[in-house]
Amino acid sequence: MKNEQQISAWFVFNSGQVLIEKQADGYHIPYGTEPPVPVPIGSTVHLLGELNGHPAKAYAIHMPVCGNEDSPRMMKDLRASWDILPLEEYKWAGKASQILNWDKNSRYCPMCGVPTVQISPIAKQCPECRQEIYPRISPAIIVLIRKGDSILLVHARNFRGTFKGLVAGFLEPGETLEECVHREVMEETGLTIKNLNYFGSQPWPYPSGIMIGYTAEYESGTIKLQDEELSAGAFYSRDHLPEIPKKLSIARKMIDAWLAGELPD
Ligand SMILES: [Zn+2]
């Protein structure tokens with residue numbers, strides 16, 4: 001007797017876009033016993049874990065998938081998939097994207113250049129020198145700075161869009177997260193801050209970051225923008241907010257918490 005085949009959740013990526021399909025209740029990633037499109041030769045199927053009781057699997061394809069009326073499928077930018085996928089599926093798509101990105105960038109040992117071997121879902125090893133290679137995650141801080149009843153909003157040159165968001169920057173070797181917050185704020189705006197409080201964190205799979213959110217209070221200084229990084233920055237009260245980041249981001253979560261009066265004094 002044949003065993004009933006197990007249904008998997010499939011995360012299929014091509015150039016940063018994830019395959020999604022339209023179902024009766026909206027868009028989802030595809031589920032099924034077989035991969036929704038053929039797995040290319042040389043492409044590894046990665047087991048990510050379990051999603052809603054199903055194995056979650058990911059692989060890369062070399063061509064985007066086109067849907068039709070019978071099979072309403074499409075490729076969607078991971079960032080834009082947040083708008084239409086259930087949150088849980090978006091989160092797993094982010095994880096899948098990071099694993100696939102790591103897989104693509106760790107084919108050869110950085111020490112001796114021989115092909116690596118995957119030894120666990122998130123580890124590879126060099127058969128020569130035994131060096132182990134794990135997915136790299138780059139931590140970055142992000143900080144909401146309050147001054148009276150206003151907050152500091154900036155436009156970074158690398159923002160995708162015209163909105164204004166929060167000061168953020170990558171952690172450097174040897175730094176604590178708190179030191180990083182103080183340094184980034186000083187470098188980018190010339191301000192000193194006080195009363196740092198941890199807010200929360202968010203994986204940011206673009207391509208492999210995590211954002212660590214803090215709130216702080218303005219202490220001293222006048223705004224002097226670091227020109228290479230920021231094109232605008234000022235304190236805004238709630239009545240005069242500019243365009244703010246989309247709901248996807250922890251920046252928006254922090255701004256919304258401030259607007260709702262939910263931040264500690
Ligand atoms: Zn090696």
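Which spacing do the donors of the zinc ion follow along the chain? They follow C-x2-C-x13-C-x2-C. The close-ups described below come from a predicted model.

**Figure 1. Coordination of the zinc ion in the predicted model.** The ligands are Cys109, Cys112, Cys126 and Cys129, each binding through its SG atom, at 2.1 to 2.3 Å. The angles subtended by the four donor atoms run from 102 to 121°, and the arrangement is therefore tetrahedral. For four tetrahedral donors, the ideal angle at a metal is 109.5 degrees.

**Figure 2. Cys109 and Cys129 at the zinc site.** These two ligands are 20 residues apart and link distant parts of the chain. Cys109 sits in the loop between α2 (87–104) and β8 (117–120), whereas Cys129 belongs to the loop between β9 (123–125) and β10 (132–133). Cys109 counts as buried because its relative accessibility is 4%, with buried meaning under 20%. Cys129 has a relative accessibility of 36% and so counts as partly exposed.

**Figure 3. The largest pocket and its lining.** The volume of the largest pocket is about 1,100 Å³. Its lining is made up of 46 residues, and those nearest the centre are Arg79, Asn158, Phe159, Trp204 and Met211. At least two lining residues come from each of the helices α1 (78–81), α3 (177–189) and α4 (250–259). The strands β11 (138–147), β12 (150–156), β13 (167–170), β14 (192–204) and β15 (209–220) likewise each supply at least two. β13 provides the largest share, four residues. By residue class, the lining of the largest pocket holds 23 nonpolar, ten polar and 13 charged residues. Domain 1 (4–104) and domain 3 (138–259) each contribute at least three residues to this lining.

**Figure 4. The second largest pocket and its lining.** The second largest pocket has a volume of about 590 Å³. It is lined by 24 residues, with Phe13, Ser15, Gly16, Asn101 and Lys104 closest to its centre. Two or more lining residues are given by each of β1 (8–14), α1 and α2. Among the elements, α2 gives the most to the lining of the second largest pocket, five residues. The lining of this pocket comprises eight nonpolar, ten polar and six charged residues. Both domain 1 (4–104) and domain 3 (138–259) supply at least three residues to the lining of the second largest pocket.

**Figure 5. The peptide bond from Tyr206 to Pro207.** This bond is cis, and its omega is near 0°. Pro207 is located in the loop between β14 and β15. Most peptide bonds are trans.

**Figure 6. Positive phi at Asn52 and Asn195.** Most residues other than glycine have a negative phi. Asn52 has a phi near 50° and lies in the loop between β5 (46–51) and β6 (54–60). With a relative accessible area of 57%, Asn52 is exposed, as exposed means over 50%. Asn195 has a phi of about 55°, and its place is in strand β14. The relative accessible area of Asn195 is 46%, so this residue is partly exposed.

Technical notes:
Residues numbered from 1 in each chain as written. Predicted model: local features only at pLDDT ≥ 70, side-chain atom pairs only at ≥ 80, totals over all residues. Heavy atoms only, no water. Donors = N, O, S within 2.8 Å, 3.2 Å for Na, K, Ca; no water. Tetrahedral: all angles 85-135°; square planar, octahedral: opposite > 155°, others 65-115°. Buried < 20%, exposed > 50% of the residue type's maximum accessible area, 1.4 Å probe, protein only. 1 Å grid on protein atoms, 1.4 Å probe; cavity = no way out; pocket = protein on both sides within 12 Å on 5 of 7 lines; lining within 4 Å. Points joined across faces, edges and corners; volume = space filled by probe spheres on them. Nonpolar A, V, L, I, M, F, W, Y, C, P; charged D, E, K, R; others polar. Domains from an automatic or database assignment.
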